[in-house]
Amino acid sequence: MRKFLPAFVCFCLALILVPSSIGSTTSKINTYPNLPAPIAKERILITSAGQAVEGAIMQSIAENLNLEADYRPRALDTDLYEYKSVVIVVGYSKNGLAQTVRNFQEELSRSKHLVQEAEANGISVIVVDFSGSLRNDSTTWKLLEEVIPHCTYYIGFSHTKKMDKLHAIVKEHHIPITLIDQIMDIEVPFNSAYR
């Protein structure tokens, strides 16, 4: 009986460890408090998808981190020639869009072309989603669904209504993700993308 005890213990451990390791590999999402290595280079184009005012906040954060960045909320894909990375702040604002000459479909198309051009030219795209519960509507989600598949890194709030949908998108496209609790928490993960 004693000679079978080590084999029995090993068998029991295998039964315990195998199911837990199978479950963890299939549902793995690359969530980081910040990136382990830089993925983007300066000169940075900060723009908006949806014309929410939070893009100006990202410009201020970039300045605090001494990153070389320009905030151009209405940038087009043809403006990418002088930039090495793009930060797209996603959030639909009816008032912000009213200040442009575009309607929502044109804004959606502009955002789509911008990320596709960046991806085609090997330019890193960081999607920042400050929408949280304030702008977490179907219009903002249309913008997110258009830009996230083309991004290199996603930073957003941990308290979003459609977390399962977000996880499904980033998992499908193997995008590293950092979730924050408040806007000022973005400094460390955003800086880690560049340094």
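**Note on a predicted model: local backbone features and one helix pair**

1. Asn64 belongs to helix H2, which covers residues 54-64. The model under review is a predicted one, and the points below should be read with that in mind. Asn64 has a relative accessibility of 51%, and because the cut-off for exposed residues is over 50%, Asn64 is classed as exposed. In space, the C-alpha atom of Asn64 lies 8.8 Å from that of Glu187, although 123 residues separate Asn64 from Glu187 in the sequence.

2. Asn66 is placed in the loop that runs between H2 and strand S2 (69-71). Its backbone deserves a look, since Asn66 is not a glycine and nevertheless has a positive phi, of about 60°. With a relative accessibility of 62%, which is over 50%, Asn66 is counted as exposed.

3. Gln51 also calls for inspection of the backbone: this residue, other than glycine, has a positive phi, near 65°. Gln51 sits in the loop between S1 and H2. Is Gln51 buried or exposed? The relative accessible area of Gln51 is 8%, and because values under 20% count as buried, Gln51 is assigned to the buried class.

4. The peptide bond between Glu42 and Arg43 is modelled as cis, with omega at about 25°. Of the two residues joined by this cis bond, Glu42 and Arg43, the second can be placed as follows: Arg43 is part of the loop that links helix H1 (5-26) to strand S1 (44-49).

5. A separate point concerns a helix pair, in which helix H4 (residues 104-120) packs with helix H5 (residues 138-147) at an angle of about 20°, the two axes being 9 Å apart. Why is H4 described as roughly parallel to H5? The angle is about 20°, and because angles under 35 degrees count as roughly parallel, H4 and H5 receive that description. The handedness of the crossing between H4 and H5 is right-handed.

6. The residues that form this contact can be listed from both sides: H4 contributes Phe104, Leu108, Ser111, Lys112 and Val115, and these meet Thr139, Lys142, Leu143, Glu146 and Val147 of H5. Sorted by class, the contact of H4 with H5 comprises five nonpolar, two polar and three charged residues. Among the charged residues are Lys112 in H4 and Glu146 in H5, while Ser111 in H4 and Thr139 in H5 fall in the polar class.

Note on methods
Residues numbered from 1 in each chain as written. Predicted model: local features only at pLDDT ≥ 70, side-chain atom pairs only at ≥ 80, totals over all residues. Heavy atoms only, no water. Helix = DSSP H or I, 4+ residues; strand = E, 2+ residues; numbered from the N terminus. Buried < 20%, exposed > 50% of the residue type's maximum accessible area, 1.4 Å probe, protein only. Axes fitted to C-alpha atoms, helices over the stretch in contact; angles between N-to-C directions. Parallel < 35°, antiparallel > 145°, perpendicular 65-115°, else oblique. Left-handed = near helix turned anticlockwise from the far one by under 90°. Contact = heavy atoms within 4.5 Å.
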